[in-house]
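Q: Please take a close look at one part of this model. I want to see how a single helix and what surrounds it sit within the whole chain.

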Amino acid sequence: MVSNSILLKNGIILVHDENDHITPIKSDLLVVGNTIADIRPHIDASSLDTIILDCTRKLVSPGFIDTHHHVWQTQLKGRHANDTLLDYMPRGNSTGALYNADDVFWGELGGCLEAIDGGTTMLVDHAHITHGPLHAPNAISATVSSGIRSVYGYCDTPNVTSWDPLTFAPSTPDYFDSQLADLAKQQPFGDGRVQLGLAFDSFFLPKEMVIERFEKARSLGIKLITSHYVRGAVFGPHSLVELLEAYGLLGPDILLSHASNATTNDAVLLTSANAHVAATPNTELQMAHGFPVSFRDDLHAVASLGVDCQSTNPGDMLTQMRLALQVARGAYNQPFIDVGKNPNVVKHTVESVFNLGTIKGARAVGMASHIGSIAVGKLADLVIFDGESPAMVCAAEHDPVTAIVMHASVRDVETVIVDGKIRKSGGKLLAVQGLNGEKMEWNTVAEKLIESRVRIEAEYRKIDMKSATVRIMDIFQMRPENFVDSP
Ligand SMILES: [Zn+2]
C-alpha cells in the first residue's frame, strides 16, 4: 500500500514571515497528500500509515523555483563553456533541430532530474524545441515522469529547413495552433503539477500577429507567457517592455528572462504591471548580456532566478543563487575601491538571495499562495539538506540559510519532495518511467542520454558552424561592426 502521508521528525524548518524574513524553527512537519498539513513540535502520527523521516540535524527548506530553463538541452552539456552568445546561437539554440522526438524525451527527462537532484521543485521551461509534432508531447510526458512541477512553455520554435546554408522555415508549422489549443485543453498534466505556458520570442512578426498570439494563449487559459529580453549589441537597443506596453500586452502573467540592461522606464513599467523577470547569472555573465538584474534596486521587487542552459552550467539553483549574490556584491564594492575607499557594509544578504530562489520565484510564476515557502496549507515541495556533511557541519547549526546559500552543494540535497511525493531519497534520485512507461533508474536514463548524444553529435559534425554563424547574424539583423576584439 502506498502511504499518503510523510512525517518529517525533528528537523530545522525554514519558515518565512510576511516580510520574507526567514526563521529556522525546530519542529516536526506532516505532509498529507500533496499538502503541508501540520507544523508543530512532536506530531504523533502513530495512528496514520505514515512514512517517517528522521530529520534530526537536517535542514528543511522550501523547494527551489527556477524561472528560466531550456530543459531539453541535456545532450548538449559541455559544449558551450567558452561560447559567446553569438557562438551559442547556431551551436546550441538551433541544434535542437537535430533532436528527434525520442531525443527530446531523454533530454527533457535528464534536465528535470538534474533539477530535482539539486533541490529544484518547480521550473519554468522555455521549451524552444518544437521541431516536430511529437516533440512537445514527448517533452511533457518526460516532465510528468520526472515528478517535477513545471510550466511547460510551448514555443513557436524557428524550424531549420536547411543547414547549408542555414535557413529557417518562414512560418510556424501547420500543427502549431491546433497543438497549442489541444495541449491547453488537456492541461494540467501529471496530477496538476505540469501546466502549459507560452514561450514566445517572435517579436519580429507584425503587431497584429503578436497581439493575436498573446490573446489566443490567454483565451486558452494559459497563465504564464515568457520571453527572452536582452538589450545590447547583439539583439539591439530597443525596449521589449515598451513594445509590450504599446501593444497592450504587459501584465502579471508576463515573465521576461534576463531583462539585461533594462531601462529605468522598463523597470517602472514592469513593476507597475506586476510583470516579472528571471535573471540567469551564469549565462548573463559569460555571454556578455550584462550584470544580472536580480539585485538592481528598481527591479529587485519583481526579480527571480533561473538556470537557463544546463548545457552551459549546472542545473541547480544553489549555483545561481551564489553567483547572483557575489557578483552583485562585487559590483556594489567596485566604485568604492575605484576611489580608494572601502564600503562599510556587505550590501546584499544571503537571505535576500535565498528568497530570489524560493518565494520570489513563486511570485514570478503567480503561485506564491501555493509554493515558495513552508506553511500549513501550502503544497509540499520540500528539500531536506544534510546538516552534518563536511560542507554543512557547524554552518547548519549556526545559520541554516547561510549553510544552504554559501556552503551546500547538490551532494548535501538528501531528500526532495514534490507535490507530497519523494523524488530523491538518501541522496539518490528515485526511479522514473521511461519512454514506454517502463520503470527506470537514473543509470539507465544516463545510458539513453549517452546514446542519444552520440546520434546528435554525428549530425552536428556535418554542419559548417562558421557559415551558420554568419547566417545567424544576417537572419537576426545583427550588425557586424558591433562584434569587436576590444571596447
Ligand atoms: Zn534562455
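A: The answer starts at helix α4, moves to its surroundings, and then turns to other sites and the whole chain. The model is predicted.

Helix α4 covers residues 176-186. Which of its residues are buried? They are Phe 176, Gln 179, Leu 180, Ala 181, Leu 183 and Ala 184. The cover over these buried residues includes helix α3. It also includes strands β8 (149-155) and β11 (194-199).

Take helix α3 next. It runs over residues 135-146, and Ala 139 lies in it. Is Ala 139 buried or exposed? Its relative accessibility is 0%, so Ala 139 counts as buried. Leaving aside neighbours within four places in sequence, Ala 139 is in contact with Val 104, Glu 108 and Tyr 152. Asp 103 is 36 residues from Ala 139 along the chain. The C-alpha atoms of Ala 139 and Asp 103 are separated by 9.4 Å.

A hairpin comes next. Strands β9 (residues 160-163) and β10 (residues 166-168) run antiparallel. Three bridges join them. Val 160 stands opposite Phe 168 of β10. Two residues make the hairpin link from β9 to β10.

Now a parallel pair. Strand β13 (residues 254-260) pairs with β14 in the parallel sense, over three bridges. Leu 256 has Val 277 of β14 as its bridge partner. Strand β14 takes in residues 276-279. Which way do its residues point? His 276 and Ala 278 point one way, while Val 277 and Ala 279 point the other way. All four are buried. Why the alternation? In a regular strand the side chains alternate between the two faces of the sheet.

Next, a loop. Gly 357 is found between helices α10 (350-356) and α11 (359-364). Gly 357 counts as buried, because its relative accessibility is 0%. What does Gly 357 contact beyond its neighbours within four places in sequence? The partners are Gly 63, Phe 64, Ile 65, Met 317 and Met 321. Met 321 is 36 residues from Gly 357 in sequence. In space the two are 6.7 Å apart, C-alpha to C-alpha.

One more site is in a strand. Thr 415 is found in β17 (residues 413-418). The relative accessibility of Thr 415 is 6%, so this residue counts as buried; the cut-off is under 20%. Not counting residues up to four places away in sequence, Thr 415 touches Leu 53, Leu 382, Val 383 and Ile 384, among others. Its contacts also include Ile 422, Lys 424, Ser 425 and Gly 426.

Now the whole chain. Its secondary structure comes to 15 helices and 21 strands. Of its 487 residues, 57% count as buried. Contacts between residues at least 6 apart in sequence are worth a look: 74% of them join residues at least 24 apart.

How does the overall size compare with a globule? For 487 residues, a compact globule would have a radius of gyration near 23 Å; the chain has 22 Å, which agrees. The C-alpha trace spans about 65 × 65 × 40 Å along its principal axes.

Surface and charge complete the picture. The accessible surface of the chain comes to about 20,100 Å². Carbon and sulfur atoms account for 54% of that surface. The chain has 39 positive and 56 negative charges. The mean positions of the two sets are 2 Å apart.

Methods. Residues numbered from 1 in each chain as written. Predicted model: local features only at pLDDT ≥ 70, side-chain atom pairs only at ≥ 80, totals over all residues. Heavy atoms only, no water. Rg over C-alpha atoms; globule rule 2.2 N^0.38 Å. Buried < 20%, exposed > 50% of the residue type's maximum accessible area, 1.4 Å probe, protein only. Contact = heavy atoms within 4.5 Å. Areas by Shrake-Rupley, 256 points an atom, 1.4 Å probe, with all protein chains shown as cover. Lys, Arg positive; Asp, Glu negative; His and termini not counted. Charge placed at Lys NZ, Arg CZ, Asp CG, Glu CD. Pairing = 2+ DSSP bridges.
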